[in-house]
Amino acid sequence: MSYSHLDLAAAFAGRFGNEPDGLWSAPGRVNVIGEHTDYNDGFVLPFAIQHSTTIAVAVRTNRIVRVASTFAPDDDPVTADLDALEEGSVEGWAAYPLGVLWALEQSGHRCPGMDLLVDSSVPVGAGLSSSAALECAVAIAANELSEAGVSRRELAAIGQLAENRMVGAPTGIMDQSASLLGEAGQAVFLDCRSGDSRLVPLDLKGAGLELMVIDTRVSHSHSTGGYAARRRSCERGAEMMGVAALRDLSVGDLAEGAGVLDEETFRRVRHVVTENARVEDAVQLLGAKGPVALGPLLVASHASMRDDFEISCPELDTAVEVSLDTGALGARMTGGGFGGSAIVLASVDDMPAIRAAVVRAFSVAGFRAPVIFSVLPSAGAGRVV
Ligand code: GLA
């Protein structure tokens, strides 16, 4: 859906019979560059987008939590007792909000029971971190309502813990960090080993550029299959190379890797090692020349994910190829892969032709029609009312 704040408060009252204590909101993200590097202790460069998840919340006087969503207005709220929550005990979408409360308590912060109504404009399954947006909205609301005083950096870790242990998806820290640390006009450069982050100005408009998302509508799920398999390959590669994480290898170490690793593991490792280098190059180039210089790095990143990490799909490849053929400066898949979205960097003037060419190519190939929209670096999570 995407209710106005007033309508969401009214919908909350209709659902639970009382006014909410407040509304909190957290954005989805796109990742400019640095894919599958976060769980390898590496670097990422995402930004928060203007699409967000908003929750209306009211504290209860007991330890019962009820969660409902504007997406399923006829469903009864999912109800849970905070004292009975344990790892893997919640099924379906409610595992995200309840998982965050569980993770906060696991980290020593006692939460009150609460009623919670969720609304979102982040497309689900599009690789734009709708799950992190939900986790971070709950994290920031619960942090305030329980007066826990947890930092944004720690809240990102709490969101990740919820996703890893309650949902069962072995994802890294990038998405929650983007949602909590993002700011308008800025990308977030994050070192996933130290947790240090720095905002990097990303003035697309000033450079006459636009960043467009092409949602292929091929859905993915990170709690199953490919994502976990890639993560295991990376861990195996690091072990075989005798390092704590692939972050510890540089491009110069790859020649040795070719002798030590089997062919497939080598390609997985090569993606992560070269991708980390590309993130550092991107940050440096953004400072020196601005976003117009990012194109070749985006193109190289996509090729590496398609050929070495093997997480692209025909729809993503088509979106990228057609965009580049129609004048884009750069394009790549963004997020975990196996579907989801591509991002395209191009001049504002070239975008209409690129958009039309992609729509046409999808139709000719017999793919589902893509959903295409522009994104801008936007504010991170916070209280809205
Ligand atoms: C998903 C995960 C992130 C990250 C990306 C790939 O979005 O949630 O932690 O691993 O995939 O870069």
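Which polar side-chain atom lies 2.9 Å from an oxygen atom of the ligand? Select Arg 29, whose side chain supplies that atom; the pair is a polar contact, a term that stands for N or O atoms within 3.5 Å, with the added conditions within protein that one atom must be able to donate a hydrogen and the other to accept it, and that residues adjacent in sequence count only if both atoms are side-chain atoms.

Before going on, note that this is a predicted model, in which local features need pLDDT of at least 70 and side-chain atom pairs count only at pLDDT 80 or more, while totals for chains, interfaces and linings use all residues. Residues are numbered from 1 along each chain as its sequence is written, and side-chain values use heavy atoms, with hydrogens and water left out.

**The ligand site**

Keep the ligand selected and show its surroundings: 13 residues surround the ligand, the closest being Glu 35, His 36, Asp 38, Asp 175 and Tyr 227, where a residue counts as near if one of its heavy atoms lies within 4 Å. Next, display the backbone of Gly 172, a polar atom of which is 2.8 Å from a ligand oxygen, and then that of Gly 336, where the corresponding distance is 3.3 Å.

Return to Arg 29 and add Asp 175, since the two form a salt bridge with their closest N and O atoms 2.8 Å apart (a side-chain nitrogen of Lys or Arg within 4 Å of a carboxyl oxygen of Asp or Glu). This pair joins strand β1 to helix α5 (residues 174-181) across 146 residues of the chain, helices (H or I, at least four residues) and strands (E, at least two) being DSSP runs numbered from the N terminus.

**The two domains**

Now colour residues 5-199 and 379-383 as domain 1, and 204-375 as domain 2; these bounds come from an automatic or database domain assignment. Their C-alpha centres lie 26 Å apart, and 36 residues of domain 1 are in contact with 46 of domain 2, contact meaning heavy atoms within 4.5 Å.

The area buried between them is about 3,100 Å², with 64% from carbon and sulfur atoms; buried area is the accessible area (1.4 Å probe) that two parts lose on being put together, summed over both. Select Ile 33, Glu 35 and His 36, which supply 21% of the area that domain 1 buries against domain 2, more than any other three residues.

Three salt bridges are counted between the domains. Finally, select Arg 332 with Glu 35, whose side chains meet in a salt bridge at 2.5 Å, N to O.
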